[in-house]
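Here's a quick briefing to keep open while you turn the model around on your screen. We'll begin at one small loop and work outwards from there.

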Amino acid sequence: MSAVPLRNNKAAASSVRSVTVLGATGSIGDSTMDLLRASPERYRVEALTANSNVEALAKLAKEFSARFVAIADTSKLAELKAALAGTGTECGAGESAVIEAGARPADWVMAAVSGAAGLKPALAAVDRGAHVALANKECLVCAGDFFMQRAAKAGACILPADSEHNALFQALASGNRDELVRVIITASGGPFRTWKPADIEQATLAQALKHPNWSMGQKITIDSASMMNKGLEVIEASYLFALAPDEIDVLVHPQSIIHGMVEFSDCSVVAQLGAPDMRTPIAHCLGWPDRIKGPAAKLDLAKIGQLTFEAPDFERFPGLRLAFDSLRTGKGATTVYNAANEVAVAAFIAGKIRFGAIARLVEATLDDWIRSGNQAPLTSADDAISVDHVARNRAAALLPQIALKAS
């Protein structure tokens with residue numbers, strides 16, 4: 001049984017829902033806290049976490065009277081305790097404290113800790129059967145099979161918080177699984193949609209960070225520019241909705257108004273539309289199975305005038321092709337894809353490689369992983385983290401020779 005409810009079977013919601021936000025000071029966390037701020041009578045904050053931003057975390061803890069806060073950076077614990085002295089809020093630091101935040105008794109958990117570090121805290125929420133709004137790609141990209149199995153076993157409800165997966169979640173409610181033909185994930189195409197491949201190769205950091213539609217963090221904005229982000233979303237969709245690679249398509253839609261579509265056997269295509277604002281999918285998850293009032297701008301199609309579509313260009317964006325390849329390979333390959341991409345993006349930000357080398361490093365790391373013959377199904381968080389660690393080391397080792405190669 002899938003841990004993602006594909007029909008809107010309404011359940012009685014408590015008058016006040018307790019909430020934990022893992023990654024409260026990031027961009028997804030900001031949007032979530034904005035929604036909580038708008039409906040204080042509906043929600044109570046159980047726990048909040050941050051990586052190292054003590055000032056922002058303490059401010060949120062005071063504003064929302066959080067019962068527990070955790071900072072991942074252990075060196076910041078004393079500062080956090082001092083900032084919250086006299087408030088009655090419990091404080092913790094390090095990985096175990098962030099995991100404890102996920103394990104605390106909240107009805108609804110936003111899993112927005114970025115990177116592999118977000119896996120164990122999200123699993124802590126899953127294992128107690130919570131409603132988990134999933135904004136951490138690595139939970140599924142690195143550990144999709146057993147993550148969803150654990151969720152189904154515990155009776156957890158996984159609610160997709162990414163705009164594209166939330167769109168598919170809503171559209172899938174229009175039919176049954178055996179009526180599904182394919183899902184279509186839309187992509188803006190990023191800032192390099194119309195660039196020549198040779199120009200993309202030489203793109204600067206400033207150019208990669210100029211996303212035409214979305215305001216996001218640095219890493220995800222660069223991933224959008226390379227379309228690696230869309231590749232990660234393809235992998236996520238496969239695990240989240242139990243889809244084969246051939247049941248997933250990507251369509252470039254520069255206006256970012258249609259976020260996802262589902263085609264059914266009668267040739268009907270159901271789409272979800274909305275202004276490009278992350279508060280819309282997060283509000284859907286926060287209120288589910290009901291809908292709450294969201295603060296995003298109302299969609300005015302007459303003002304927009306037209307919606308356009310293009311097929312994705314794998315020559316411009318080889319990272320998208322690599323995502324489908326890694327999904328078909330399986331046995332840890334998607335974990336390698338993600339880890340190598342993180343190493344590559346960090347190297348690009350640091351000026352060590354060209355933009356075009358991001359995909360080449362990911363491909364070289366995947367090829368090396370496959371040649372090693374160490375592929376095996378991942379059955380635990382430690383398995384996924386181990387593969388992630390090995391892949392990062394291998395990508396780092398390959399980095400100098402990739403940096404020297406021209407496109």
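Start with Ser-65, which sits in the loop between helix H2 (54-64) and E3. Keep in mind that this is a predicted model. Ser-65 has a phi near 50 degrees, a positive value in a residue that isn't glycine. Is Ser-65 buried or exposed? Its relative accessibility is 54%, so Ser-65 counts as exposed, the cut-off being over 50%.

**Other backbone spots to check**

- Lys-331 also isn't a glycine, yet its phi is positive, at about 50 degrees.
- You'll find Lys-331 in the loop between helix H15 (318-329) and helix H16 (333-349).
- Gly-129, just after H5, takes a positive phi of about 80 degrees.
- Going from Trp-288 to Pro-289, the peptide bond is cis, with omega near 10 degrees.
- Pro-289 belongs to the loop between helix H13 (279-287) and helix H14 (301-304).

**Helix H4 and its two sides**

- H4 covers residues 95-103, and its buried residues are Ala-97, Val-98, Ala-101 and Gly-102.
- Look down the axis of H4 and those buried residues fall within an arc of 150 degrees, so they line one face of the helix.
- The general rule behind this kind of pattern is that an α-helix has 3.6 residues a turn, so residues three or four places apart point the same way.
- Over on the other side of H4, Glu-95 and Ser-96 are exposed.
- What covers the buried residues of H4? The cover includes four strands, E1 (17-22), E2 (43-50), E3 (68-71) and E4 (90-93), along with helix H5 (119-127).

**Helix H5**

- Seven of the nine residues of H5 are buried, so the rest of the structure largely encloses this helix.
- The buried ones in H5 are Leu-119, Pro-121, Ala-122, Leu-123, Ala-124, Ala-125 and Val-126.

**The whole protein**

- The secondary structure adds up to 18 helices and 11 strands.
- A compact globule of 407 residues would have a radius of gyration near 22 Å, and the protein agrees with that at 21 Å.
- Along the principal axes, the C-alpha atoms fill a box of roughly 60 × 50 × 40 Å.
- Of the 407 residues, 54% count as buried.
- Among contacts with a separation of 6 or more, 69% are between residues 24 or more positions apart.
- The protein exposes about 17,000 Å², and carbon and sulfur atoms supply 51% of that.
- There are 40 positive and 43 negative charges, and their mean positions are 3 Å apart.

How values were computed: Residues numbered from 1 in each chain as written. Predicted model: local features only at pLDDT ≥ 70, side-chain atom pairs only at ≥ 80, totals over all residues. Heavy atoms only, no water. Buried < 20%, exposed > 50% of the residue type's maximum accessible area, 1.4 Å probe, protein only. Arc of directions from axis to C-beta. Contact = heavy atoms within 4.5 Å. Rg over C-alpha atoms; globule rule 2.2 N^0.38 Å. Areas by Shrake-Rupley, 256 points an atom, 1.4 Å probe, with all protein chains shown as cover. Lys, Arg positive; Asp, Glu negative; His and termini not counted. Charge placed at Lys NZ, Arg CZ, Asp CG, Glu CD.
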